[in-house]
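Visitor: I would like a close look at one part of this protein, and I would be glad of a careful description that goes on to its surroundings.

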Amino acid sequence: MPIPESDRLAGDLAARFAVVDPATGEAFDEVPDQQPDELDAVVDRAHRAWHGWRADPVARTAALRGAADAVEVAGDDLARLLTREQGKPLAESYAEVARTAARLRYFADLAPRTRRIVDGRPVRSEIRWRPLGPVAAIVPWNFPLQLAAAKFAPALAAGNTVVLKPSPFTPLATRLLGSVLATVLPEDVLTVVTGREPLGARLASHPGIRHVTFTGSVSTGRAVAEAASVSLARVTLELGGNDAAVLLDDVDVDRIADRLFWAAFRNCGQVCMAVKRVYAPARLHAEVVEALAQRAKTVAVGAGLDPDTRLGPVNNAPQLARIEHVTRQALADGARAAAGGHRLDGPGYFFAPTVLTDVPPGSPVVTGEQFGPVLPVLPYRSLDEAVDAANGTGFGLGGSVWGTDVDRAEVVAGRLECGTAWVNHHAELSLAQPFAGVKDSGVGVAGGPWGLYGNLRPFVVHRPQEA
Ligand code: NAD
């Protein structure tokens with residue numbers, strides 16, 4: 001396997017691991033397999049860089065704006081590499097790059113507010129905000145750039161430095177992003193490390209790290225929380241979801257079917273807050289299944305670099321095996337595939353877009369997170385039954401309610417136990433909103449000013465009140 005020229009020039013002779021193109025199943029590049037003992041030097045440099053970076057908020061703002069510009073300039077290279085290693089259609093990679101730049105620009109201009117408390121006593125308390133120190137950002141493979149930026153943009157804006165570890169399935173675009181940002185940020189303010197486990201575990205428990213911000217599965221999130229408890233670093237966990245879409249009895253199926261389909265199947269269903277279960281009134285159930293199945297059967301599935309593709313491959317072989325397993329189990333439990341239900345023949349990690357009906361409510365495809373192009377549609381008889389079912393898993397990331405009477409739908413949305421509930425759409429987020437899951441879906445708050453404060457600590461100065 002050829003070693004990229006840039007890395008050879010850097011004299012990087014470390015062990016390496018292969019990166020696979022999910023559209024072919026073939027390795028096409030490789031990256032350094034950094035070892036945990038390298039982290040001491042990395043974190044030490046991040047700590048030294050922190051002192052300069054935290055000192056000058058005006059320079060930080062300028063640097064982060066420059067970082068957003070640099071991401072846009074490198075947009076073509078970033079997007080193509082992202083599609084190659086992640087699998088998503090090129091248009092979605094461009095959108096991800098654009099959101100990465102937008103996130104940097106949003107946080108570049110956000111600053112914490114100093115507040116004074118006057119409570120009748122003869123003292124004045126002033127609350128200032130201070131950065132925490134080096135932050136470890138650990139991200140998954142479904143949105144490598146966008147989720148990385150959701151972590152490093154607020155952390156850097158708050159005056160921290162960051163050590164960023166991408167998933168071993170998608171390290172390439174993140175490495176390129178790191179070198180793009182290195183042209184505008186001071187040295188060691190943002191460092192990308194690549195490697196297989198236990199690199200992430202060691203990073204999460206490193207004594208020099210003051211905040212571990214993690215996005216990934218619930219089980220790894222628990223391990224990260226445990227690892228970070230050694231140094232008592234702050235922990236922010238954005239974990240899995242099993243979002244329900246509840247369709248009301250006045251829903252116009254034709255009108256919402258496209259939106260609902262893409263809310264479930266975008267990025268091949270590999271979205272933490274994708275619709276992962278649909279609850280339809282029994283009277284409309286067959287119509288909903290038919291509308292979704294018809295779209296699943298006709299959507300263009302293929303390599304992300306092919307301009308006709310709307311749905312790419314699953315990102316990696318273990319995830320494909322999980323999706324296949326959970327689908328087979330549902331079919332064995334009595335479910336019926338109204339569309340798909342199987343892998344696609346040929347190279348690459350393709351799974352036929354699948355709509356399941358007659359699914360037993362206790363089947364793992366309903367109770368767990370399938371994280372792939374497989375959607376169970378379940379009938380309900382009373383609204384209370386639907387809301388109870390929607391709230392009835394261990395997850396609580398998002399949820400949505402769909403109907404023609406938007407006010408009524410909003411009232412039902414208010415009954416969902418999750419971090420964000422939508423009416424007549426799903427998974428649309430503003431940069432300015434808080435993002436947080438409940439139950440197993442997460443700890444801490446990201447997004448908007450809350451994301452900034454999540455990377456800061458209060459520092460209070462008391463002094464006598466002037467007469
Ligand atoms: P994962 O938990 O397997 O891995 C996430 C990251 O953690 C990767 O970088 C991985 O290398 C690293 N890692 C693995 N073991 C570790 C350990 N012991 N200590 C520290 N780091 C470790 O998740 P994944 O399969 O890459 O991603 C899919 C999951 O991510 C899904 O559950 C999905 O719902 C979730 N997710 C959540 C959000 C959110 O915002 N809530 C967003 C996207 C994805």
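Visitor: Across which strands does helix α12 (residues 317-332) lie?

Guide: This is a predicted model, in which local features need a pLDDT of at least 70 and side-chain atom pairs count only at pLDDT 80 or more, while totals for chains, interfaces and linings use all residues. Residues are numbered from 1 along each chain as its sequence is written, and side-chain values use heavy atoms, with hydrogens and water left out.

Helix α12 lies across β12, β13 and β14, and runs at about 30° to β13. Helices (H or I, at least four residues) and strands (E, at least two) are DSSP runs, numbered from the N terminus; axes are lines fitted to C-alpha atoms, for helices over the stretch in contact, and angles run from 0 to 180 degrees between N-to-C directions.

The three strands under discussion belong to an open sheet of seven, with mixed pairing and the order β12-β13-β14-β11-β10-β15-β16, where two strands pair if DSSP finds at least two bridges between them. At its edges are β12 (336-339) and β16 (420-423), each of which pairs on one side only. On average, and with direction ignored, neighbouring strands of the sheet are turned by 25° against each other. Within the sheet, β11 (residues 275-281) and β14 (residues 374-380) pair in the parallel sense over four bridges, and Val278 has Val377 of β14 as its bridge partner. Another helix, α11 (residues 285-298), packs on this sheet and touches β10 (243-247), β11, β12, β13 (354-357) and β14, its direction making about 170° with that of β14; contact here means heavy atoms within 4.5 Å.

A further sheet can be described in a similar way. This open sheet of six strands, also with mixed pairing, has the order β7-β6-β5-β8-β9-β17. Its edges are held by β7 (190-192) and β17 (442-443), each with a single partner strand, so one side of each is left without a neighbour in the sheet. Strand β6 (residues 162-165) and β7 run parallel and are joined by three bridges, with Leu190 in β7 as the bridge partner of Val162. Helix α9 (residues 218-229) packs on this sheet, touching β8 (211-215) and β9 (234-238), and its direction makes about 175° with that of β8.

The loops before and after β7 hold two backbone details. Asp188, in the loop between α7 (172-182) and β7, has a phi near 70°, a positive value in a residue other than glycine. In the loop between β7 and α8 (199-204) is Pro198, and the peptide bond from Glu197 to Pro198 is cis, with omega near 20°.

There is also a ligand, with 28 residues around it, of which Val139, Ser217, Thr220, Leu239 and Glu369 come nearest; a residue is near a molecule if one of its heavy atoms lies within 4 Å of it. For Leu239, a backbone N or O atom lies 2.6 Å from a nitrogen atom of the ligand, and for Ala201 a backbone N or O atom lies 3.3 Å from a ligand nitrogen atom. From Glu369, an N or O atom in the side chain is 2.5 Å from an oxygen atom of the ligand.

How values were computed. A polar contact is a pair of N or O atoms within 3.5 Å; within protein, one must be able to donate a hydrogen and the other to accept it, and residues adjacent in sequence count only if both atoms are side-chain atoms.
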